[in-house]
Amino acid sequence: MTLHAPVKHVRSRGGMLNSALLRVDCWSPAEDVIGVRVTHHAGSVRRGPEFALPGAQQGSGKVHRDGRATAST
């Protein structure tokens, strides 16, 4: 069973703004045993990119600036 529980009393729809929400997981790993896990912040999803970029090499993409003129090498 999974519960989503606010950490303060919610009086209206706006009561959840800027408030923490706990995830409470309950399960039974064995007979007469109750497992409980409370999670406040589990991290974030990796949003990539998860591929090599063409032409990406160590030391490439250098820029040289001479006064008002700029050139890339």
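Which residue is the bridge partner of A5 in β2? This is taken up in Exercise 2. The model is a predicted one.

**Exercise 1. List the secondary structure elements of the protein.**

Solution.
Step 1. Count by type: the protein has five strands and zero helices.
Step 2. Read from the N terminus, and the order of elements is β-β-β-β-β.

**Exercise 2. Work out how β1, β2 and β3 are arranged, and find the bridge partners named along the way.**

Solution.
Step 1. Take β1 and β2. They pair in the antiparallel sense, over five bridges. In this pairing, A5 has L22 of β2 as its bridge partner, which settles the opening question.
Step 2. Take β2 and β3. Strand β2 covers residues 21-27 and is joined to β3 by five bridges, again with the strands running antiparallel. V24 has V38 as its bridge partner in β3, and W27 stands opposite G35 of that strand.
Step 3. Put the pairs together. The three strands form an open sheet in the order β1-β2-β3, with antiparallel pairing.
Step 4. Find the edges. Because β1 (2-6) and β3 (35-39) each have a single partner strand, one side of each is left without a neighbour in the sheet.
Step 5. Add the twist. Ignoring direction, neighbouring strands of this sheet are turned by 20° against each other on average.

**Exercise 3. Describe the surroundings of V36.**

Solution.
Step 1. Locate the residue: V36 is in strand β3.
Step 2. List its contacts. Residues up to four places away in sequence are not counted; V36 then touches V24, D25, C26 and W27.
Step 3. Compare sequence and space for one of these contacts. V36 and V24 are 12 residues apart along the chain, and their C-alpha atoms are separated by 7.0 Å.
Step 4. Decide whether V36 is buried or exposed. Its relative accessibility is 51%, so V36 counts as exposed.

**Exercise 4. Find the salt bridge and state how accessible its two residues are.**

Solution.
Step 1. Recall the principle: side chains of opposite charge can pair when their charged atoms come close.
Step 2. Apply the cut-off, which is a side-chain nitrogen of Lys or Arg within 4 Å of a carboxyl oxygen of Asp or Glu.
Step 3. Count: one salt bridge results.
Step 4. Name the partners. The side chains of R23 and D25 meet at 3.2 Å, N to O.
Step 5. Classify each residue. D25 has a relative accessibility of 12%, so D25 counts as buried, the limit being under 20%. R23 has a relative accessible area of 42% and is therefore partly exposed.

**Exercise 5. Describe the hairpin of β4 and β5, and place H64 in the model.**

Solution.
Step 1. Identify the strands. Strand β4 (residues 63-66) and strand β5 (residues 69-72) run antiparallel and are joined by four bridges. D66 stands opposite A69 in β5.
Step 2. Look at the turn. Two residues lie between the strands of this hairpin, and G67 takes a positive phi near 65°.
Step 3. Place H64, which is in strand β4. Apart from neighbours within four places in sequence, H64 is in contact with A69, T70 and A71.
Step 4. Relate H64 to V38. The two residues are 26 residues apart in sequence, and their C-alpha atoms are 53 Å apart in space.

**Exercise 6. Which residues other than glycine have a positive phi, N18 and D32 being the ones to examine?**

Solution.
Step 1. Take N18. Its phi is about 55°, a positive value, although N18 is not a glycine. N18 lies in the loop between β1 and β2 and is exposed, at a relative accessible area of 84%.
Step 2. Take D32. Its phi is positive too, near 65°, and D32 is a residue other than glycine. D32 lies in the loop between β2 and β3 and is exposed, with a relative accessible area of 78%.

**Exercise 7. Judge the overall form of the protein.**

Solution.
Step 1. Compare the radius of gyration with the globule rule. The protein has 26 Å, whereas a compact globule of 73 residues would have one near 11 Å.
Step 2. Read the dimensions: along the principal axes, the C-alpha atoms fill a box of roughly 70 × 40 × 15 Å.
Step 3. Check burial and surface. Buried residues make up 5% of the 73 residues. The protein exposes about 7100 Å², of which carbon and sulfur atoms supply 53%.
Step 4. Check the contacts with a separation of 6 or more: residues 24 or more positions apart account for 4% of them.

How values were computed
Residues numbered from 1 in each chain as written. Predicted model: local features only at pLDDT ≥ 70, side-chain atom pairs only at ≥ 80, totals over all residues. Heavy atoms only, no water. Pairing = 2+ DSSP bridges. Axes fitted to C-alpha atoms, helices over the stretch in contact; angles between N-to-C directions. Buried < 20%, exposed > 50% of the residue type's maximum accessible area, 1.4 Å probe, protein only. Rg over C-alpha atoms; globule rule 2.2 N^0.38 Å. Contact = heavy atoms within 4.5 Å. Areas by Shrake-Rupley, 256 points an atom, 1.4 Å probe, with all protein chains shown as cover.
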